[in-house]
Amino acid sequence: EDEIELWDFDDLGEMAEGLAGDIAFVIESALDARGQAVVALPVSDTVMPVLEQLAKAQIKWKHVVIIPTDDRLVAVDDPRSHVRKLAQMFMTRGARVFPMATENKDYHLAGSAANSRLHDLHWPLDLAWLSQSKDGGAAGLRPGPDLGDALYGAKDIRACGVKIDGEDDPVVTITGAAIYAAKTVMISVNGQKEAARLQSAIAAKGKGDDVIGKIFAALNVPVDIYVAPGA
């Protein structure tokens with residue numbers, strides 16, 4: 001049975017401190033164990049305070065590689081680029097921030113390119129931090145025509161391109177395989193309503209509609225869930 005720890009926070013500052021502290025601990029443990037760390041972090045308005053707090057941590061950042069869990073196929077200087085936001089916060093600290101997506105009209109090719117580049121990194125991920133989206137998914141693993149391949153593709157496929165229902169821009173995302181192999185998985189959700197949705201998705205053991213439940217059903221590590229104060 002998966003162990004689940006649920007952490008509720010009264011305010012965003014408290015959550016930022018708690019979650020950033022736990023991520024810093026995972027990074028430090030990897031640095032102690034083998035002198036480097038590779039982590040996948042989400043980018044969204046709700047997680048920005050956590051990322052800002054994490055960037056203040058006194059870590060040997062030059063031995064840390066950060067990849068976005070997903071990114072749009074836009075130029076790195078585009079304001080919507082996730083890698084740009086991560087780079088602004090962490091490259092100044094000395095970390096290596098890894099571009100996932102490239103400007104490419106063909107999102108399948110963009111995904112293959114990202115996958116090849118990820119094969120240069122130490123694997124598995126020390127941490128996959130997933131932020132649950134409003135449609136019950138995480139990263140680019142959300143309802144759409146490419147979801148099955150992204151969730152259940154070959155073990156050595158670490159990234160792929162996906163189209164998400166109702167969104168114009170395709171994205172490149174880490175795959176289910178990359179998440180299932182990760183040494184540590186953390187999930188953050190926005191508010192009690194989202195937390196309840198996540199808990200019922202987990203209870204359905206992968207048979208419900210929510211993607212996060214399917215991801216959860218395939219995990220073999222204990223998971224910490226962080227609930228931000230929200231609606």
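Me: What gives the most to the lining of the largest pocket?

Reply: That's β9, with 3 residues. Bear in mind that this is a predicted model, where local features need pLDDT of at least 70, side-chain atom pairs count only at pLDDT 80 or more, and totals for chains, interfaces and linings use all residues. Residues are numbered from 1 along each chain as its sequence is written, and side-chain values use heavy atoms, with hydrogens and water left out. The α and β labels are DSSP runs numbered from the N terminus: helices are H or I over at least four residues, strands are E over at least two.

Me: How much space lies in the largest pocket, and which residues are the closest to its centre?

Reply: About 760 Å³ of space lies in the largest pocket. It is lined by 30 residues, and S44, T46, S131, Q132 and S133 are the closest to its centre. A pocket is an open set of points on a 1 Å grid over the protein atoms alone, with protein on both sides within 12 Å along at least five of seven lines; lining residues have an atom within 4 Å of a point. The volume is the space filled by probe spheres set on the points, which are joined across faces, edges and corners.

Me: Which elements each supply at least two residues of that lining, and how does the lining divide by class?

Reply: β4 (70–72), α3 (82–90), β9 (185–190) and α7 (191–203) do. By class there are 11 nonpolar, 9 polar and 10 charged residues. (Ala, Val, Leu, Ile, Met, Phe, Trp, Tyr, Cys and Pro are nonpolar, Asp, Glu, Lys and Arg are charged, and the others, Gly among them, are polar.)

Me: Let's take S133, then. Why does S133 count as buried or exposed?

Reply: S133 counts as buried because its relative accessibility is 14%, and buried means under 20% (exposed is over 50%, partly exposed in between, with a 1.4 Å probe and protein chains only). S133 lies in the loop between β6 (127–131) and α5 (147–152).

Me: What makes the side chains of S133 and D135 a polar contact?

Reply: They come to 2.6 Å, and a polar contact is a pair of N or O atoms within 3.5 Å, where within protein one must be able to donate a hydrogen and the other to accept it (residues adjacent in sequence count only if both atoms are side-chain atoms). Setting aside residues up to four places away in sequence, S133 also touches A138, R142 and E194, contact being heavy atoms within 4.5 Å.

Me: How do you know whether E3 is buried or exposed?

Reply: The relative accessible area of E3 is 57%, so E3 is exposed. E3 lies in the segment before β1. Apart from neighbours within four places in sequence, E3 is in contact with P222 and V223.

Me: And what about A139 and K205: which is buried and which is exposed?

Reply: A139, at 11% relative accessibility, counts as buried, while K205, at 51%, counts as exposed. A139 sits in the loop between β6 and α5, and K205 in the loop between α7 and α8 (211–217). Phi is near 50 degrees for A139, a positive value in a residue other than glycine; K205 likewise has phi near 50 degrees.

Me: What is the order of the strands in the sheet?

Reply: The open sheet has 7 strands in the order β1-β10-β9-β6-β2-β3-β5, with parallel pairing. β1 (4–8) and β5 (96–97) stand at the edges because each has a single partner strand, which leaves one side of each without a neighbour in the sheet.

Me: How do you know that β3 and β5 pair?

Reply: Two strands pair if DSSP finds at least two bridges between them. β3 (residues 64–68) and β5 have 2 bridges, in the parallel sense, and V65 has R96 as its bridge partner in β5. At the β1 edge, β1 and β10 pair over 5 bridges, with Y226 of β10 as the bridge partner of W7. β9 and β10 are joined by 6 bridges, and there V189 stands opposite V227.

Me: What makes β10 mostly covered?

Reply: The count of buried residues does: 5 of the 6 residues in β10 (223–228) are buried.

Me: One last thing: what is the peptide bond from W123 to P124, cis or trans?

Reply: The bond is cis, with omega near 5 degrees. P124 is in the loop between α4 and β6.

Definitions and conventions: On a 1 Å grid over the protein atoms alone, a cavity is a set of points where a 1.4 Å probe fits but cannot get out, and a pocket is an open set with protein on both sides within 12 Å along at least five of seven lines; lining residues have an atom within 4 Å of a point.
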